[in-house]
Amino acid sequence: MIEFKNVTKTFKNTAVLKNINLTINDGEFLILIGPSGCGKTTSLKMINKLITPSSGNILINGEDIMKKNTIELRRNIGYVIQQTGLFPHMTIGENIELVPFLNKWTFEERRKKSKELLDLVGLEPDKYIDRFPDELSGGQQQRVGVARALAVNPDIILMDEPFSALDPITRNTLQEEVFKLQQDLKKTIVFVTHDMDEAIKLGDRICIMKDGDIVQFDTPEQILRNPQKGFVEGFIGANRLWNQPEFIKAEDIMIKSPITSSPNRTVLQAIGIMQSSKVDSLLIVDNDNKLQGIVTSKDIRENMINPSLKIGSIMSKELIYVYNDESICLVLKKMNNHGVGYIPVVDKFGVLKGLVTKSSLITLFEEKLF
Ligand SMILES: Nc1ncnc2c1ncn2[C@@H]1O[C@H](COP(=O)(O)OP(=O)(O)O)[C@@H](O)[C@H]1O
Ligand SMILES: [Mg+2]
């Protein structure tokens, strides 16, 4: 666990970090994001003591890092920066093995480790180990940067805009791979970016900074759903949620008061309700508003000869429905798979919450997406 406690930093009387309080959990992928100059790099560099706080404390596993031996501290922290920081006159292998070398590992131990790491970051060891950095593409160099950060098997990895100089395709690939690496290796990663797409894709939580303050700190989903008014809203873009369909839930898109009826109404009454509310089906609910079934105009037509029949006896009980917190992707999939034009939304107790229809979806897409 990494904790910032009332951390401030001033450079020449200018406060660049203002009383930062932040807890990063073990194994968490934490994103620091914000406009240029907001204090991201400064915060990151404080974790490995490249910068010391003007006041306040940083604790790792409960221990104040100022009281720790700097070399030992850094041995447990990998660091990846945008400009790779690879030494140009050293081979890829030597670059990766630098810290193990300083830690007096034998040549065989070092080679074994660097080959293993090259493999891990998707570079063929035998092909690349003896090359020099400028013989590799930007993306490959950044892979080497990641391999080097992993060389001493640290618990913590700091990454400062590691992919921002890469072309979009390479950046995407590396994002995927770092994500997978973290899933496998369960490192604590503190990752600085100014790219919200990257933040959403990678972060377990996102800490949004502005002018040395934390303005919002939450999961990607919560930030997209409830962006702080003003700055965050502007920063992430108003319709951002709609670019992340997996975060849009049935309850966000449903009609909130669908037409319902008690099962005790008659066929005749049902016709009346359908006509006056211009719908071709009725959701049947009990007294607690729990969904019981559905009656369509076809069911009604078939039972017209018996107008006093209770609709509870003719309703279809084989219901396709979705839960309120299921994603729009699943909603569309269910509608598609079952060939239905609408789908009721219930909560976990089976209480009817709303209805998603094809036409409500179309209206919504037109408003939000085009
Ligand atoms: N060594 C320094 N001396 C003076 N000002 C600095 C120093 N390092 C950073 N700053 C200032 O602190 C602020 C935060 O910088 P930084 O943490 O690098 O921002 P970010 O990484 O979010 O772009 C900026 O205004 C920057 O100019
Ligand atoms: Mg920076």
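Student: Which residue in β8 does phenylalanine 29 stand opposite?

Tutor: Keep in mind that this is a predicted model. Strand β3 covers residues 29-33, and strand β8 covers residues 188-193. The two pair in the parallel sense over 5 bridges. Standing opposite phenylalanine 29 in β8 is isoleucine 189.

Student: What is the order of the strands in the open sheet of 6 strands?

Tutor: Pairing in this sheet is mixed. Its edge strands are β6 and β10, each of which pairs on one side only. Ignoring direction, neighbouring strands are turned by 15° against each other on average. Reading across, the order is β6-β7-β8-β3-β9-β10.

Student: At about what angle to β6 does α7 run?

Tutor: Look for α7 at residues 138-150. This helix lies across β6 and also across β7 (156-160). Against β6, α7 runs at about 165°.

Student: Which element gives the largest share of the lining of the largest pocket?

Tutor: That pocket has a volume of about 610 Å³. Of the 22 residues lining it, the closest to its centre are Arg74, Ile77, Gly78, Tyr79 and Val99. The elements giving two or more residues to the lining are α2 (70-75), β6 (77-81), α4 (98-102) and α7 (138-150). With 5 residues, the largest share comes from β6.

Student: And how many of the lining residues are nonpolar?

Tutor: Split the lining of the largest pocket by residue type. You get 3 charged residues and 6 polar ones. The nonpolar residues number 13.

Student: Are the residues on both faces of β12 buried or exposed?

Tutor: Take β12, residues 281-285, one side at a time. On one side sit Ser281, Leu283 and Val285, and on the other Leu282 and Ile284. Both faces are covered, and 5 of the strand's 5 residues turn out to be buried.

Student: What is the bridge partner of serine 261 in β12?

Tutor: Start with strand β11, residues 260-261. It runs parallel to β12, and 2 bridges join them. For serine 261, the partner in β12 is isoleucine 284.

Student: Why does serine 316 count as partly exposed?

Tutor: You'll find serine 316 in the loop between α14 (297-302) and β14 (322-323). Leaving out residues up to four places away in sequence, it touches Gly293 and Ile294. Its C-alpha atom is also 6.3 Å from that of valine 295, though the two are 21 residues apart along the chain. Serine 316 counts as partly exposed because its relative accessibility is 29%.

Methods
Residues numbered from 1 in each chain as written. Chains lettered and ligands numbered in written order. Predicted model: local features only at pLDDT ≥ 70, side-chain atom pairs only at ≥ 80, totals over all residues. Heavy atoms only, no water. 1 Å grid on protein atoms, 1.4 Å probe; cavity = no way out; pocket = protein on both sides within 12 Å on 5 of 7 lines; lining within 4 Å. Points joined across faces, edges and corners; volume = space filled by probe spheres on them. Helix = DSSP H or I, 4+ residues; strand = E, 2+ residues; numbered from the N terminus. Nonpolar A, V, L, I, M, F, W, Y, C, P; charged D, E, K, R; others polar. Pairing = 2+ DSSP bridges. Axes fitted to C-alpha atoms, helices over the stretch in contact; angles between N-to-C directions. Contact = heavy atoms within 4.5 Å. Buried < 20%, exposed > 50% of the residue type's maximum accessible area, 1.4 Å probe, protein only.
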